[in-house]
Every structure is written in C-alpha cells, then in structure tokens.
Amino acid sequence: MSEQEVLWLQNDVLRVALLPTFGGKITSLRSVRTGEEFLLPPLGGYHRVTPFANFSESDGGGFDECLPSVAACEGSPGQDPVPDHGDLWRLNWHVESQHDAVTLSAEAESRPLRLTRRAHLQRASLLLDYDLLNLSDSTTSWLWSAHPLLRVQPGDRIVLPKSVDQVSVEYSAGDLFPRNTLISWPTAKATSGLMTDLSRVGEKDGVTAHKIFAPMEMSAWGALYRTKLAQGLVFRFDQTALPFLGIWICSGAWPKERQNRQYTVALEPTTSNVDSLTDAESNGTARSLAPRDRCQWRVEIQLVEASSFAEFESLCSKLP
C-alpha cells in the first residue's frame, strides 16, 4: 500500500474514504445523491509529524480518533505524558481487512492500548465498531473521543436530545463563557450579558470557538442539519459506554498560527466530560481497563433527508 492509498466504502447512499497511513483518518463522508461532502477538508496537506507535535501541525480536517486523551497532559505517577489529541492520529494504522468492511488497528504509544475499528455501511448509516484491548499486565486508565470535523454553513443547526438543557464549558475563546461552568442549552448568557444561540451556526468570524460537553441520559445522540442541503447527520451511540457528547464549534478562531482556519462543528461521542485524561481521573470520568481486558462500543452516523429543519428536528426527537 502506498503511503497515501485511500480505502473506500460505498453503497447507494454513502461514499466513505479512509486513510490508514495517516491515523486511520476518515477523510470523506459523502452523500451519493447530492455529491455533498460532510467532513471538513484538510486545512493543509497530509504529512508526518513528531511524536509530540500539537494537533495544529496536522492536516486539521476529517475524522480522527483521540486516545488516551484529547488534551495533552502529564501522566499519573509511573505513566507517560500524553501528546495533544492523543497518540493515534499521528500513527500508521494496520489494515486488518478491506472487503465488505474496513478494519484498521493501531497501538497507542503513551499507554499499552490497541484500538481496532471496523467501519461498514448499512443503508444510510456508517457503523463504527470499536474494540479497545489492554496489552499489558497492569491496569491502565484512558479516555476516548471521536473527532469528526464537519463542514458547515451559516444557518446550519445542532440538535441534541430534549433532555439536554445544560452543557459544561471546557473552553471558550475570549472567555465568552467561563471554563468549568454550566451554561444553558441551546441559548446561553455570555459574560458580556448577551444571549447566544449555540445551536445555530454563525458566520465565519475568525474569533468564535467553544468546546462544550452535553450529558447523555435517556438517549444518546447528537445531530447537525445542513440547512441548504436539506440533509443532516445523526450520531447515535450507547450512553452506558459513551455518556457524553463533546461539541466543538469553531468559526475560524483556530489554529491561530495559520491563515487557513477551521470553520466547523464537531460532534464527539466520548467517555468523559473533559478533554484531559488527568482531569478525567480527578473528576471520576476516566476509564480503567484491567490487564488483558477489552472494552467495546459502537457509533452510528446516519444520513437523514429532511426538507426543513422542523422535519429534521421531529425525526431526531423520535430517536430511541
């Protein structure tokens, strides 16, 4: 396989591209009917980075896997520090199978963990089945987060279950919302006193960026409706395995060192309500995997056709 050889999955509804040699990245999720791309294209070319490079040095697009942390952090006593956005996005993944499904695996460098991901299509859904194995004879802590950066336009809408009326703030550019606070969803009061509708994608202003977490309780899903396309994506998952949804809303504020910056929303099923494994260990949301033990979970990404946002919201509200 050449360094940038792409693997493909396609049916009558979806066309998906994967790049094993660059973090097992999903580089494309496209509607066959409209031809529209739902993943953010790369901000820069695919290239090798150092083991502790910041994520801002990556291509900055597509769908990566974050393990065993999202934020860079120091390890617990006796454990290695974790680089920015974890180990896996910078590694060459091994191709296990590429027939009806594409199965890839990679071993983390900062923890003795192997993640295997099987991707296959089922009608209008991309199904991602994960298997995490502790390769060592010691118990290991970890957190995992999906990292799908989505294309957006002004007026696109983020939809969450009706049970979500508050979200926690991990980061907000310019301290528009204070870190480690709870704010109301979907409309929250900023530090300036202005009310902000977080569910509505605004213009690319070069200054707005928020990372927030929504608790998943009775049902676990999050969705993005592409208004001008009359299509949306719904991310569904099991809240017992993934009890939180991280939401990254960036209107051109990152990365600061680049002229070409992200204009995106990321819906990130995750094991924790913080980005740092160290913080997750402190607040009790870090996961622990016993020696030679494994953990499995599934994320479903469904393409939904809806002629209006009201119709899309109604379809989402009927999800289990």
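Here are three short exercises, with worked solutions, on a predicted model.

**Exercise 1. The open sheet**

Task: Trace the open sheet from edge to edge, then describe how its neighbouring strands are turned.

Solution:
- Start with the strand order. Eight strands line up as β5-β6-β7-β8-β22-β18-β17-β11, with antiparallel pairing.
- Next, find the edges. β5 (94-98) and β11 (157-159) each pair on one side only, which is what marks the edge strands.
- Now look at one pair inside this order. β6 (residues 102-107) and β7 (residues 113-122) are joined in the antiparallel sense by six bridges. To see a single bridge, pick S105 and look across to β7, where T116 is its partner.
- Finish with the angle. On average, neighbouring strands of the sheet are turned by 15 degrees against each other, direction ignored.

**Exercise 2. A helix across strands**

Task: Which strands does helix α2 lie across, and at what angle does it run to β17?

Solution:
- Locate the helix first: α2 covers residues 309-317.
- Then list the strands it lies across: β11, β17 (221-226), β18 (231-237) and β22 (294-305).
- Last, compare directions: α2 runs at about 165 degrees to β17.

**Exercise 3. The largest pocket**

Task: Work out the volume and the lining of the largest pocket.

Solution:
- Begin with the space: the largest pocket holds about 490 Å³.
- Move on to the lining. It has 20 residues, and D84, H85, W248, W254 and D275 are the closest to the pocket centre.
- Then assign elements: β10 (145-151) and β16 (209-215) are those giving two or more residues to this lining.
- Sort by character to finish: nine lining residues are nonpolar, five polar and six charged.

Notes: Residues are numbered from 1 along each chain as its sequence is written. This is a predicted model: local features need pLDDT of at least 70, side-chain atom pairs count only at pLDDT 80 or more; totals for chains, interfaces and linings use all residues. Side-chain values use heavy atoms; hydrogens and water are left out. Two strands pair if DSSP finds at least two bridges between them. Helices (H or I, at least four residues) and strands (E, at least two) are DSSP runs, numbered from the N terminus. Axes are lines fitted to C-alpha atoms, for helices over the stretch in contact, and angles run from 0 to 180 degrees between N-to-C directions. Contact means heavy atoms within 4.5 Å. On a 1 Å grid over the protein atoms alone, a cavity is a set of points where a 1.4 Å probe fits but cannot get out, and a pocket is an open set with protein on both sides within 12 Å along at least five of seven lines; lining residues have an atom within 4 Å of a point. Grid points are joined across faces, edges and corners, and a volume is the space filled by probe spheres set on the points. Ala, Val, Leu, Ile, Met, Phe, Trp, Tyr, Cys and Pro count as nonpolar, Asp, Glu, Lys and Arg as charged, and the others, Gly among them, as polar.
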